[in-house]
Amino acid sequence: KAQGRLRRDRINLEHAQVGEVVAIVVIGSGRKGDGDFAGAVRGDVRDGDEVLVVFRGVQGYISPNWYPGKQETHRRVPTWNYEVVHAHGTIHVRDDEKYTRGVVARLTRQHEAVQRQPWKMGDAPSDYIAEQLSHIVSIEVRVTHLEGKRKLNQHHELQDREGAIRGLEAGGQHKLAQAMKNVAKCPMSR
């Protein structure tokens, strides 16, 4: 899950797990922020444009074979369970080297802290770091509202929810199984 800090009316994404942001859509232009996002930001995004940032939680395929009810009625189909948060707001480009260097340094310290010998930006030549930083565009999204959604079989009968949880656990999808236990308050969660 993303670990942004909520402060007053904005989320500071400098501590977000990069791989968890699945899309940034600039509302006015219809552009999606996948692929060369830095180039898109520098070329097409104006400071203050409306954006949608999508954060994906746990997700996975649910086989109808996991539902005991399928054996009784054969009225079950495959589905996809998920958790997602949509952050609506305005984007503000922070394309300056000092700000970006600070964000990268904080992220590096956070993620390298678990290493026996943590890497530091000072370990690499300064001209190399400067060149790498020139390819990064830092953004700030000032959140106007958040929308969260969970589709975790909560509308299914208890036996089918428990069957899906067992199927997920057997396949190693423990996080999704746990999310389903938490939201549905299945007896299996005790």
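Is Asn153 buried or exposed? Asn153 is buried, with a relative accessible area of 0%. That residue returns in one of the close-up views below, which are drawn from a predicted model.

**Figure 1. The whole protein, built from six helices and seven strands.** Before zooming in, it helps to have the overall layout in mind. Following the chain along its sequence, you meet the elements in the order β-β-β-β-α-β-α-β-α-α-β-α-α. The protein has 190 residues, and 37% of them are buried. Its accessible surface comes to about 11800 Å², with carbon and sulfur atoms contributing 50% of that area. Take the contacts between residues at least 6 apart in sequence: 72% of these join residues at least 24 apart. Searching the whole structure gives seven salt bridges, while the search for aromatic pairs finds zero.

**Figure 2. Helix α5, residues 158-170.** This view follows one helix from end to end. How far apart are the end C-alpha atoms of helix α5? They are 18 Å apart, and this agrees with the expected span, because 13 residues at 1.5 Å a residue should also cover 18 Å. Many side chains to look for here are out of reach of solvent by the cut-off used, under 20% relative accessible area. The buried residues of α5 are Asp160, Arg161, Glu162, Gly163, Ala164, Ile165, Gly167 and Leu168. As a reminder for reading any such view, an α-helix has 3.6 residues a turn, so residues three or four places apart point the same way. Just past the end of α5 comes Gly172, where phi is positive at about 85°.

**Figure 3. A salt bridge between Arg76 and Asp160.** Stay with helix α5 for this one, and look at its residue Asp160. The closest N and O atoms of Arg76 and Asp160 are 2.7 Å apart. Arg76 sits in the loop between α2 and β6, so this pair connects distant parts of the chain, 84 residues apart. The two partners also differ in their cover: Asp160 is buried, at a relative accessible area of 0%, whereas Arg76 is partly exposed, at 24%.

**Figure 4. Arg94 with its partners Glu140 and Tyr99.** Which residue shares a salt bridge with Arg94 at 3.6 Å, N to O? The partner is Glu140. Here too the link runs between distant parts of the chain, with Arg94 in strand β6 and Glu140 in strand β7, 46 residues apart. Glu140 counts as buried at 7% relative accessibility, while Arg94 is partly exposed, with a relative accessible area of 29%. Arg94 has another neighbour to show: it lies over the face of Tyr99, at 3.8 Å from the ring centre.

**Figure 5. Lys120, with Asp123 and Arg109.** Lys120 and Asp123 form a salt bridge in which the closest N and O atoms are 3.4 Å apart. Lys120 is exposed, with a relative accessible area of 51%, and Asp123 is partly exposed at 44%. For comparison with this pair, salt bridges that share partners join Arg94, Glu140 and Arg142 into one network. Arg109 can be shown in this view as well. It belongs to helix α3, residues 97-112, and is exposed, with a relative accessible area of 54%. Along the chain, Arg109 and Lys120 are 11 residues apart, and their C-alpha atoms are separated by 7.3 Å.

**Figure 6. Two loop residues with positive phi, His74 and Asn153.** Why might these backbone angles catch your eye? Most residues other than glycine have a negative phi. His74 has a positive phi near 60°, and Asn153 has a positive phi near 65°. Where does each one sit? His74 is in the loop between α2 (68-73) and β6 (79-94), and Asn153 is in the loop between β7 (138-151) and α5. Their surroundings contrast: His74 counts as exposed, at 56% relative accessibility, but Asn153 is buried, at a relative accessible area of 0%.

Definitions and conventions: Residues are numbered from 1 along each chain as its sequence is written. This is a predicted model: local features need pLDDT of at least 70, side-chain atom pairs count only at pLDDT 80 or more; totals for chains, interfaces and linings use all residues. Side-chain values use heavy atoms; hydrogens and water are left out. Rings of Phe, Tyr and Trp (its six-membered ring) pair if their centres lie within 6.5 Å; planes under 30 degrees apart count as stacked, over 60 as edge-to-face and the rest as tilted. A charge sits over a ring if NZ of Lys or CZ of Arg is within 6 Å of the ring centre and within 35 degrees of the ring normal. Helices (H or I, at least four residues) and strands (E, at least two) are DSSP runs, numbered from the N terminus. The expected span of a helix is 1.5 Å times one less than its number of residues. Buried means under 20% relative accessible area, exposed over 50%, partly exposed in between (1.4 Å probe, protein chains only). Contact means heavy atoms within 4.5 Å. Accessible areas come from the Shrake-Rupley method with a 1.4 Å probe; for residues, only the protein chains shown count as cover. A salt bridge is a side-chain nitrogen of Lys or Arg within 4 Å of a carboxyl oxygen of Asp or Glu.
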